[in-house]
Amino acid sequence: MSGRPPVSGPLDEQPGRRPAEQPGEGSGERSSGPPGERSGERSGEPLGARSGGPLGERFGERAGERPDGRPPGARTESKPLFAVERRAGRAVQRVTATALGPYQSAVVRIGFAGTWLLFLLWELPNRRELYGPDGPWSWDMAQQLIARNGAFTGLMWSDSTVWFEIVFAVAMLSSALLLVGWRTRTMSVLFMFGVLSLQNRSIFMGDGGDNVIHLMAIYLVLTRCGQVWSLDARRAARTAARRGAGHEPGAQGARDRVGPLLWGCLGVFLIIGTVTDRVQGAPWLPVLFWGVWIAQALWWAANLYAPNGQPRALLNVLANLVHNAALVVIMAEVCLVYATAGWYKIQGSRWQDGTALYYPLKLHYFAPWPELSGLLTSSGVIVMLLTYGTVAVQVAFPFALLNRRLKNVLLVAMMLEHAGIAVLLGLPFFSLAMIAADAVFLPTGFLRRLGGEAAGLWHRLFTQDRKRLPEQRRDSPEQPARTLVG
Amino acid sequence: MDSYDDRGGPAGQPPGAGIAGLSLPGQLTAVVVLVMVGLLACTHLAMVFLHVAPSNTITKQHGKAVDAWVYPEFEQNWKLFAPNPLQQNVAVQVRAEVAKDDGSRTTTGWIDLSAEDGAAIRGNPLPSHVEQNELRRGWDFFVGSHDDKNRPNGLRGQLSERYVRRIVMLRLENHDLGGSVERMQIRSAASSVAAPEWSTEKIDTRPVYRLYPWWTVNATDLPRGVRNGRTEAGR
């Protein structure tokens, strides 16, 4: 087997999660001789430069130009000497004053929470075989591996089936609640807990789809992804409507009982976990858990006691900063995915001779519809065009971000390709996850129209005419001011 | 908690939000955090970039730092079907030595477990990880943690052997072997995918077998629910 030509396992994915246990291992157990020694094509150089840019300005430019759907033409022209400073100043003001991309972050939240929820529901009958203490990858085997790779999983806290069922239930429940945006930040933390716990428990069960969900679950914790399309936003809109125009943000905190209760309960778990040294894993994880927990308390207190005060304003600024940085990381991560996938393909002989697409379609593990696959592969020209097209789109995507229209065209192409992969290769959850990741680049105008249609549909289907107006209104008249933002 | 979301977007922003609306100490804090968060994000992206990039000057010198940052939670591999897609179907096949109720022993024929996966996937719009990943990735894990002479390399190698045995025992449970499995032998059959009909390439599609030694099955190789023929034997 070792004498094979360099091949890569389809979608292999969360490989061994073992850093330097032994040379050559760790990334891609099976992708035998990847272009390891060749340094000619430094796939990401432009990317690295791109993502490494100064946060503020880059982001200002990005946000102005893409996600919100408007060219940054509205920039004021100033004296050349001060132009840079003024632009920098404006960018800083912008990233501190607003959590950019409210619709993009919401669609990513909904996409990943939904994908993971559907996956868990679908695997419900197989959950014990996949992640349970007595599955083929048994609890003590996982224990031995995790002791060495230091991954985080709540499932190692006990080998009882009851505990496993609890964690699984938490994972499902938190996905559902994150999807609808109920106590979004808290649910995002629980969502991350669920994802890491299950995936790290049985790393050899996952594929590329799990890998994206894993990463995004972590990044989502840092975003304000419940600003729109969430129960949180609806609650806020209702409170605001009730108070009329001159609302005081703080007063809601006073009436909120569920929040403090949830916070208290999770705090107890967190304290117990820390005292008993259960919150193992990467050192930043306890910091993240505790950080979010403390920040919640500060935010709650600031809203309650000084809704218009400086502490609240500062916390707001900090939360915006973290959100905006996380959103940049999410976007850059998607670019890295495509850049890696594309640039490595260029080096493969099958991608060069235009037959690559034929092979995965002939693998028994990825052939749910052999006749359909056969139909697609019956023409060499079509296979070649799709093969080249795939590489071109993947390699081009990060650069296409410089041009809005091109970006949107490629985005559609990639989403369609993933839809095709979902059916042809039998990878629906992988494809859903990738589409959810792509969605971070969808234009605001499109997303709002989509949201409007969905709301309208919901309205027609499920509600009579009662006063659902407050939230409806949220999506319309206020928004124009928002479009420039994200 | 979460009440920041109650802010409900722009409507809830107090006037003069952003850094401009802060007092001087607040502004200083914000700037410090801005710089820190910016640096952290850039460092993270640089590390992830180096992690997915081919081995290069920087990773040769600072590979440890990159690994320390990325593992275990940010590990990723996006060489999807790259540099070349897998071009062979690898089937894991097993035969078992079964102790019959009457005390005799028989050896079964080769049972193709991968083919069973394939059959479960065919016509299934939503294949389970159990069918698509369990054995396939488990076998990759096994092959990847053994050397050419089939010796396990350390803990991972040993774990992978046990993992494969447990998967096999779970699968064999669905077969009526008429007794309990005492030993098992595995072979892999790698058959190259035939060249496309419109291609002039000639590819030998005959399977290449690789035979592994017999393994004795013991209690730790049985996932829960696997009776390995014992209860039937008792009846």
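In β5(B), which residue is the bridge partner of S188(B)? Select S188(B) and look across to β5(B): the partner is R210(B).

This is a predicted model, where local features need pLDDT of at least 70 and side-chain atom pairs count only at pLDDT 80 or more. Residues are numbered from 1 along each chain as its sequence is written, and chains are lettered from A in the order in which they are written.

**Stop 1: chain B.** Select strand β4 (residues 179-192); strands are DSSP runs (E) of at least two residues, and helices (H or I) of at least four, numbered from the N terminus. Ten of the 14 residues of β4(B) are buried, so the strand is largely enclosed by the rest of the structure. Buried means under 20% relative accessible area with a 1.4 Å probe, protein chains only.

Add β1(B), residues 88-100: 13 bridges join it to β4(B), antiparallel. Here V94(B) stands opposite I186(B). Next, add β5(B), residues 208-211, which pairs with β4(B) over four bridges, also antiparallel; strands pair if DSSP finds at least two bridges between them.

**Stop 2: chain A.** Select α4(A), residues 102-122, and α19(A), residues 428-438; they pack at an angle of about 170°, with axes 8 Å apart. The two helices are therefore roughly antiparallel, a label for angles over 145 degrees. Axes are lines fitted to C-alpha atoms over the stretch in contact, and angles run from 0 to 180 degrees between N-to-C directions. Residues in contact (heavy atoms within 4.5 Å) include F112(A) of α4(A) and F429(A) of α19(A).

Finally, show α19(A) alone: nine of its eleven residues are buried, among them F430(A) and M434(A).

Methods
Heavy atoms only, no water. Parallel < 35°, antiparallel > 145°, perpendicular 65-115°, else oblique. Buried < 20%, exposed > 50% of the residue type's maximum accessible area, 1.4 Å probe, protein only.
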